[in-house]
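Please open the model in your viewer and keep the selection tool at hand. The tour below goes from one selection to the next and says what can be found at each stop.

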Amino acid sequence: MYKKPLSLHLLVCLFLGLYCSKSEDFIIHHQVSGPGETNSYLLYTVKSKKAALFDVGGRIDTLVSIINDENLDLKYIFITHAHPDHVYGIAAIMEKYPKAKIGISGEEYEDTDLYARWEEALDSALVAAVKESPPEILDMMNFDFEALGEPGITLEDDQILKLGDLRIRTFLSPGHSRGSICFYVGDALFSGDVLFYRQVGRTDLPQSGGPEEIVKSVHRLYSSLSDKTKVYPGHGLFTDIGTEKLENEEVRVESVSLQN
Ligand SMILES: [Zn+2]
């Protein structure tokens, strides 16, 4: 009888005397959404077709088409943090996929009260700037946080969530906001407004922790994750941990030997 040759992966595992299980393959799609030009991401597993969204900054028609065309089972809508530009489009998605659970950190959910009162919470110069901005920005700032409802899952630090065979690990990463949370899966990190291409998030907003706190959060990501980890931030270009260690002026690691 024909015997299938051992896969290279299995041979390597046997050679190393290790047990390794190849995790399920996954695909990430991305769409810039809403007046804040927020990166919204769709992650799904190839085999089991389970899906999660990370931040919904406005209309995400391209991602919705993929969910429908691929017949995906949208399990979660994860919120890296609840600034209005990251949640503005969530109500429309919840209407389409009412079984999807919203995942947000407890701290961030608590602070939505404050975000709703932005006219009191922001400093007067920022309030004036927002009031002069285009109507779509004002509309976003006046987002009705009640539309989020109660979170389906209240996230904590170092929590493991399952999506098919995939495991998603949380990193509570305060600095930009008190309850900012990053999500690590496979070789990918969804970093919200904590770590950007060559920058970190601003720390002058209500409940921001200040520059030291965000630097500490980024250092923790640097030391916990492989340099090859791809970074998918809340705005702007993608990057990876190894390059940020060398090139990020705000949180650089002085001497680094890039690991595999
Ligand atoms: Zn933000």
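In this predicted model, begin with the second largest pocket, whose volume comes to about 160 Å³. To see its walls, select Tyr 109, Thr 112, Asp 113, Ala 116, Phe 143, Asp 144, Phe 145, Glu 146, Leu 148 and Gly 149, which together line this second largest pocket. If you colour that selection by class, the lining separates into 5 nonpolar, 2 polar and 3 charged residues. Which helix gives the most to this lining? Helix 6 does, with 3 residues.

Next, move to the largest pocket, which has a volume of about 550 Å³. Its lining is made up of 24 residues, and the ones to select for a view of the middle are His 83, Asp 85, Met 141, Arg 202 and Leu 205, since these lie nearest the centre of the pocket. Now show the helices as ribbons: helix 3 (84-87), helix 6 (112-116), helix 7 (118-121), helix 8 (124-131) and helix 9 (135-141) are the elements that each give two or more residues to the lining of the largest pocket. Sorted by class, the residues of this lining are 14 nonpolar, 7 polar and 3 charged.

Keep His 83 selected, and add His 81, His 176 and Asp 193, so that you have the residues that coordinate the zinc ion. The atoms to look for are NE2 of His 81, ND1 of His 83, NE2 of His 176 and OD of Asp 193, and they sit at 2.2 to 2.5 Å from the zinc ion. Why is the arrangement of these donors called irregular? The angles that the 4 donor atoms subtend around the zinc ion run from 86 to 178°, and this makes the arrangement irregular. Along the sequence, the donor residues follow the spacing H-x1-H-x92-H-x16-D. Trace the chain from His 81, in the loop between strand 4 (73-78) and helix 3, to Asp 193, in the loop between strand 10 (188-192) and strand 11 (195-196): these parts are 112 residues apart in sequence, so the pair ties them together. Both His 81 and Asp 193 are buried.

For the last stop, select Ala 51, which you will find in strand 3 (residues 50-54). Is Ala 51 buried or exposed? Its relative accessibility is 0%, and therefore Ala 51 counts as buried. Leaving aside residues up to four places away in sequence, Ala 51 touches several others, among them Leu 42, Tyr 44, Leu 72, Tyr 76 and Leu 163. Finally, draw a line from the C-alpha of Ala 51 to that of Ile 27, and you will span 9.5 Å between two residues that are 24 residues apart in sequence.

Notes: Residues are numbered from 1 along each chain as its sequence is written. This is a predicted model: local features need pLDDT of at least 70, side-chain atom pairs count only at pLDDT 80 or more; totals for chains, interfaces and linings use all residues. Side-chain values use heavy atoms; hydrogens and water are left out. Helices (H or I, at least four residues) and strands (E, at least two) are DSSP runs, numbered from the N terminus. Buried means under 20% relative accessible area, exposed over 50%, partly exposed in between (1.4 Å probe, protein chains only). Contact means heavy atoms within 4.5 Å. On a 1 Å grid over the protein atoms alone, a cavity is a set of points where a 1.4 Å probe fits but cannot get out, and a pocket is an open set with protein on both sides within 12 Å along at least five of seven lines; lining residues have an atom within 4 Å of a point. Grid points are joined across faces, edges and corners, and a volume is the space filled by probe spheres set on the points. Ala, Val, Leu, Ile, Met, Phe, Trp, Tyr, Cys and Pro count as nonpolar, Asp, Glu, Lys and Arg as charged, and the others, Gly among them, as polar. Donors are N, O and S atoms within 2.8 Å of the metal (3.2 Å for Na, K and Ca); water is not among the atoms, so sites may look incomplete. Four donors count as tetrahedral if all angles lie between 85 and 135 degrees; four count as square planar and six as octahedral if opposite donors are over 155 degrees apart and all others between 65 and 115; anything else is irregular.
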